[in-house]
Amino acid sequence: MTHPNIVILTGAGISAESGLGTFRDEGGLWAQHRIEDVATPEGFARNPQLVVDFYNARRAQAAEATPNPAHLALARLQAEHSGQVLLVTQNVDSLHEKAGSTNAVHMHGALASALCAACEVRWEAPLTMHVGEACPSCSRPTARPDIVWFGEIPYHMDRIERALMEADIFAAIGTSGNVYPAAGFVQMAAHVGAKTVEMNLDPSATVNLFEEVRPGKASETVPQWVDSLLSD
Ligand code: APR
């Protein structure tokens, strides 16, 4: 195929070798914190300080992290591939951007962004957010982390679904396939005849839905995959 359209979904595993913890691996974030306390609207309403502190800690850690060869390889693919490449990430870090990817689609939001719960304006988040911070637009004390919490609707779904309908190749990298709608993207791509490939350290929950599996560390498997695509 001359200029295949590629849709890529990344998860926490692509940032693991940059030192950012994943969620469901041994000792991961969901072993350290209760999801209902730090990643739900109810948790934020119940104890906003706990939630703001949780994201401040992750924002500070992400600010110090550097992209690894997997992020860099995806930026190279976006720059050099002759077909369309849509990079969708479940991650809230900015490592794709730091690697040179310009239009990563953050379907679960981003640590770098703040959101007004009242007027829905977004702005660049300070490194440390505070409870009751005023919105720069409507001045109400309704600033919150711009993160999609459990029970909320992921961002950019129309754009993502349109790209999946046109995909010739779908690749999932560093995601356990536990959280929908992202975990369902492979079925949507396969349904339109796309070639599907999983690059993951361990088999994901949806590994059987992928045509091709490249097990291993993303910093090794992703550059190899990108080299194979660009040499076609
Ligand atoms: N290289 C490749 N894959 C890796 C690496 C690595 N170095 N290290 C870990 N992995 C894989 C693990 O095998 C696991 O399957 O990354 C996956 C991480 O899975 P999760 O921790 O569940 O993270 P993710 O799939 O991104 O979670 C999805 O769940 O909690 C929500 O919103 C949160 O976006 C997150 C979503």
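Modeller: A note on terms before we start: helices and strands here are DSSP runs, numbered from the N terminus. The model is a predicted one.

Biologist: Fine. Where does helix α5 lie?

Modeller: Helix α5, residues 48–64, lies across β4 and β6. Its direction is at about 135 degrees to β4.

Biologist: And in what order do the strands of the open sheet come?

Modeller: The order is β5-β4-β6, three strands with antiparallel pairing. β5 (122–124) and β6 (143–147) are the edge strands; each has a single partner, so one side of each has no neighbour in the sheet.

Biologist: How many degrees are neighbouring strands turned against each other?

Modeller: On average 45 degrees, ignoring direction.

Biologist: Over how many bridges do β4 and β6 pair?

Modeller: Four, in the antiparallel sense, with β4 covering residues 109–116. In β6, Pro145 stands opposite Ala114.

Biologist: Switching to cysteines. How many disulfides does the count come to?

Modeller: Zero.

Biologist: Why is there no bond for Cys135?

Modeller: Because its closest cysteine sulfur, that of Cys116, is 3.6 Å away, which is too far. The cut-off for a disulfide is 2.5 Å between the sulfur atoms.

Biologist: What about Cys138, how far is the nearest cysteine sulfur?

Modeller: That is Cys116 again, at 3.7 Å, and Cys138 is in no disulfide.

Biologist: Is Cys135 buried or exposed?

Modeller: Cys135 is buried, at 2% relative accessible area. Cys138 counts as partly exposed, with a relative accessibility of 21%. The buried class ends at 20%, so Cys138 falls outside that class.

How values were computed
Residues are numbered from 1 along each chain as its sequence is written. This is a predicted model: local features need pLDDT of at least 70, side-chain atom pairs count only at pLDDT 80 or more; totals for chains, interfaces and linings use all residues. Side-chain values use heavy atoms; hydrogens and water are left out. Buried means under 20% relative accessible area, exposed over 50%, partly exposed in between (1.4 Å probe, protein chains only). Two strands pair if DSSP finds at least two bridges between them. Helices (H or I, at least four residues) and strands (E, at least two) are DSSP runs, numbered from the N terminus. Axes are lines fitted to C-alpha atoms, for helices over the stretch in contact, and angles run from 0 to 180 degrees between N-to-C directions. Contact means heavy atoms within 4.5 Å.
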